[in-house]
Amino acid sequence: MDVFAKCYEFKRDLEVQAVGLYPFFKTIEGNHGSRVVIDGREVVMAGSNNYLGLTRHPKVVEAAIDATRKYGTSCSGSRYANGTYIIHVELEQKLADFMKKEKALCFTTGYTTNMGAISVLAGRRDVILSDRENHSCIMDATQLSFAETKKYKHDDMEDLERVLEASPAEAGKLLVTDGVFSMKGTLAKLPEIARLKKKFGMRVFVDDAHGIGVMGKNGRGTAEHFGLDNEVDVVMGTFSKSFAGLGGFVAGEERVISYIKHHARQLIFAASMTPASVAAVSKSLDLIRAEPEHLGNLRRVVKLVRGEFQRVGFPVPDDETPIIYVKVGEDIQAFQFWKDLLELGVYTNPVITPGVPQGQSGVRASFMAIHTESDIARVIEAFEKLGRKYGLIK
Ligand SMILES: Cc1ncc(COP(=O)(O)O)c(C=O)c1O
């Protein structure tokens with residue numbers, strides 16, 4: 001049997017392309033901040049994770065260019081070997097200070113941060129407790145780890161407690177959860193998790209890719225939002241969202257970070273973050289600390305957007321996250337809804353399984369500090385019109 005047989009049999013992409021509804025890998029021809037150019041037309045970008053709008057901030061762009069001039073375009077090696085530059089070490093120190101943890105450690109992507117850190121922390125005789133709607137890289141990390149993984153229903157603390165009760169008392173336990181869930185924008189129930197942490201003696205690992213820079217008074221994330229920084233043992237973040245770069249980090253106790261640093265293959269055998277990315281992230285962190293107006297603007301946008309979605313009839317909660325998920329139904333309907341939105345000048349992201357459970361396909365809209373009132377008016381007008389057409393609102 002040819003190993004490529006499955007590739008020749010795979011036709012789903014061609015079928016969806018044939019009916020003109022293929023929504024993935026859409027090419028962006030120009031990026032003007034809250035607007036982008038797609039198919040030669042300017043549309044509102046309501047699908048980016050650039051929450052604080054810093055990817056085009058002049059100081060961030062300048063920092064990336066300066067670092068490239070100074071250190072070159074690539075570090076050409078792993079952190080373990082020739083790829084640790086002084087700027088990586090300085091960034092880690094700044095991140096540890098910001099997150100109020102002893103140490104931080106940077107990886108080249110957020111994806112490999114989870115793969116590396118989770119898979120080495122949870123070993124052979126341990127149990128990983130994982131929310132069913134955790135990000136795919138957490139799922140992959142649990143498969144890579146030698147620990148037993150037990151999933152609990154999304155944000156269902158009774159189910160989590162039941163799963164914990166059924167786990168061997170002597171096993172080491174690592175609870176892993178998104179802080180802000182990436183697809184639906186819901187929050188992990190950290191107060192309940194903290195209670196169960198005490199009861200069962202487990203450790204808590206929060207992937208706060210969508211929370212850092214966004215949640216909490218200082219933008220320190222979901223734990224700060226709940227006033228529970230000390231209950232989270234390891235916090236993980238990505239740089240591809242609020243930090244306007246590419247990469248990821250974990251922060252926690254010095255001994256724990258050192259263990260990850262000397263065991264995670266994704267760190268040891270992968271080239272380090274480029275100088276441009278390190279500098280962009282470092283400058284973004286400076287701006288997050290020195291210019292709270294970026295977070296202030298995001299909060300205003302989120303409040304306005306959520307209020308507007310509610311006004312036109314969508315069942316959107318009063319949360320503070322910039323992610324709004326609109327469930328449409330089956331994949332094809334979601335693709336059609338997505339396409340109709342784009343025709344009305346609004347780019348969002350279609351979401352299907354495994355991003356969400358089967359039958360809950362839809363579109364994910366995400367908002368940025370740089371969205372203007374007229375961007376938001378365009379988004380709401382399009383959602384209202386299509387929401388009625390698709391029977392999602394009255
Ligand atoms: C919750 C979560 N964790 C991790 C990642 C991976 O981060 P990155 O894309 O920066 O590698 C993502 C990215 O989409 C995410 O949403």
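Analyst: A polar contact is a pair of N or O atoms within 3.5 Å (within protein, one must be able to donate a hydrogen and the other to accept it, and residues adjacent in sequence count only if both atoms are side-chain atoms). This is a predicted model, where local features need pLDDT of at least 70, side-chain atom pairs count only at pLDDT 80 or more, and totals for chains, interfaces and linings use all residues. Residues are numbered from 1 along each chain as its sequence is written, and side-chain values use heavy atoms, leaving out hydrogens and water.

User: What makes His-135 and the ligand a polar contact?

Analyst: A polar side-chain atom of His-135 and an oxygen atom of the ligand are 3.4 Å apart, and the limit is 3.5 Å, so the pair counts. For a side-chain N or O atom of His-210 the distance to a ligand oxygen is 2.6 Å, and for a polar backbone atom of Gly-110 it is 2.9 Å.

User: Why are α5 and α10 called roughly perpendicular?

Analyst: Their axes (lines fitted to C-alpha atoms over the stretch in contact, with angles from 0 to 180 degrees between N-to-C directions) cross at roughly 110 degrees. Roughly perpendicular covers 65 to 115 degrees, and therefore α5 and α10 earn that name.

How values were computed
Helices (H or I, at least four residues) and strands (E, at least two) are DSSP runs, numbered from the N terminus. Angles under 35 degrees count as roughly parallel, over 145 as roughly antiparallel, 65 to 115 as roughly perpendicular and the rest as oblique.
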